[in-house]
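Let's take a walk through this structure together, going from strand pairing to the packing of the interior. Keep the 3D view open as you read.

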Amino acid sequence: MNTLFVSPSYRCNENCIFCPRHKISKLYKPIPLDIIIKSITDAIEKKSIEMILISGGEPTLYKDLTTIITTANQLNLKIGILSNSLKFADNNFCKTFIDTVGNNFELTTAFHSHIAEEHDKITGVKGSFDKSLKGVYNLINAEVRITIKYIINGISFNKLPEFIEWVYNSFPDSVSLVLCNMDLCGEALNNSNLAAVPFNISKKYVENALDVIIQYSKKNRLRNVSVFNTPLCCIDPYYWTFLRKYESEESMAALLLPSIENQTNPIIQYGLKGDGGANFSPCTNCAVKNICPGTWRKTAEYFGNDIFKPFK
Ligand code: SF4
């Protein structure tokens, strides 16, 4: 699906040690609303985009977020939002938001651990686990489509099967679940001692986590579960049916980001090369290259080509 990726602002109410942005980017000027609206109509005209994915920073801090969503709805775009859901913990904020834009959007919230202290340590905000959880529950009650995302990280990866149990015990099966590997850029690269987990080390925990999911599905607990940014050669073929590839890894139809130059308004970019895929030199002659999701380019650079084991 042709998608416009928009970060209205890099401002955030968390301070995650794995943030793919550098801390300094939080100081960039938010994108003026009229530029975002013009970019949406431009992207529909030039690239026939069908979806807008709004991220950040934290998009709920952007004061005109509801106008972006309302406009996208009027233009019949699918809408995805990446949010930490902290602000939705406020019942009044959540109600006013839903009353304004409706509930026809998908919202993804990352939990970095099922242990509140661990999650808070990663976000740098005490109480953020409880607040994000309350925000997600408020959105579920408003019948918003929710995805819980877990980014494999050096602090909690070895408790991933327990994290899965927590998801199944905490959220209805209508809530989707995404497990993904980390894009080692921005602060994540600066804090790689805490963030980076080699694929051969995380493999056992990811596979055990997927075993838990398979066991649940046998008991008719059916949930939409996907694993992203994981090369086929880094996981047993038994689990390949869970693997997916983000459209943005190979290419991006349209992208609008805040400008580094605070005096300059940003310009929408088209047809960009993505940040990932299975494009590494060991992949060249690999037998499964065409169906492999690969991983983030920066993550592969960090670990080196030895992580890849091409299939003959
Ligand atoms: S070598 Fe490359 S194409 Fe082959 S499975 Fe590994 S990442 Fe995928």
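A good place to begin in this predicted model is strand β6, residues 176-180, which pairs with β7 in the parallel sense over four bridges. If you look along this pairing, you will find L177 opposite V225 in β7.

Now step across to the other neighbour. Strand β7, residues 225-228, runs parallel to β8 and is joined to β8 by two bridges. Here V227 stands opposite L243, while the bridge partner of F228 in β8 is R244. In general, strands of a sheet pair through backbone hydrogen bonds, in either a parallel or an antiparallel way.

Are the faces of β7 covered or not? In a regular strand, side chains alternate between the two faces of the sheet. For β7, both faces are covered: V225 and V227 are buried on one side, and S226 and F228 are buried on the other.

Let's zoom out to the whole sheet. These strands belong to an open sheet of 10 strands with mixed pairing, in the order β8-β7-β6-β5-β4-β3-β2-β1-β9-β10. The edges are formed by β8 (243-244) and β10 (269-273); each has a single partner strand, so one side of each is left without a neighbour in the sheet.

Next comes the packing of the interior. The largest nonpolar core holds 79 residues, and the members that touch the most others are I52, F163, I164 and F171. Helix α9, residues 199-218, gives this core its largest share, with nine residues. A second core, separate from this one, has 13 residues, among them F18, I151, C180 and A196.

F163 deserves a closer look. Setting aside its neighbours within four places in sequence, F163 is in contact with F111, S113, H114, I148, Y150 and L177. That list brings us back to β6, since L177 is the residue we met opposite V225.

Finally, where is empty space left inside? Rolling a probe the size of a water molecule over the atoms is a way to show this. A search of the whole structure finds four cavities of 30 Å³ or more, and the largest has a volume of about 100 Å³. Its lining is made up of 16 residues, and those closest to the centre of the cavity are C233, C283, C286, C292 and F308. Sorted by class, the lining of this largest cavity has 12 nonpolar residues, two polar ones and two charged ones.

Conventions: Residues numbered from 1 in each chain as written. Predicted model: local features only at pLDDT ≥ 70, side-chain atom pairs only at ≥ 80, totals over all residues. Heavy atoms only, no water. Core = buried A, V, L, I, M, F, W, Y, C linked by side-chain atoms within 4.5 Å. Buried < 20%, exposed > 50% of the residue type's maximum accessible area, 1.4 Å probe, protein only. Contact = heavy atoms within 4.5 Å. 1 Å grid on protein atoms, 1.4 Å probe; cavity = no way out; pocket = protein on both sides within 12 Å on 5 of 7 lines; lining within 4 Å. Points joined across faces, edges and corners; volume = space filled by probe spheres on them. Nonpolar A, V, L, I, M, F, W, Y, C, P; charged D, E, K, R; others polar. Pairing = 2+ DSSP bridges.
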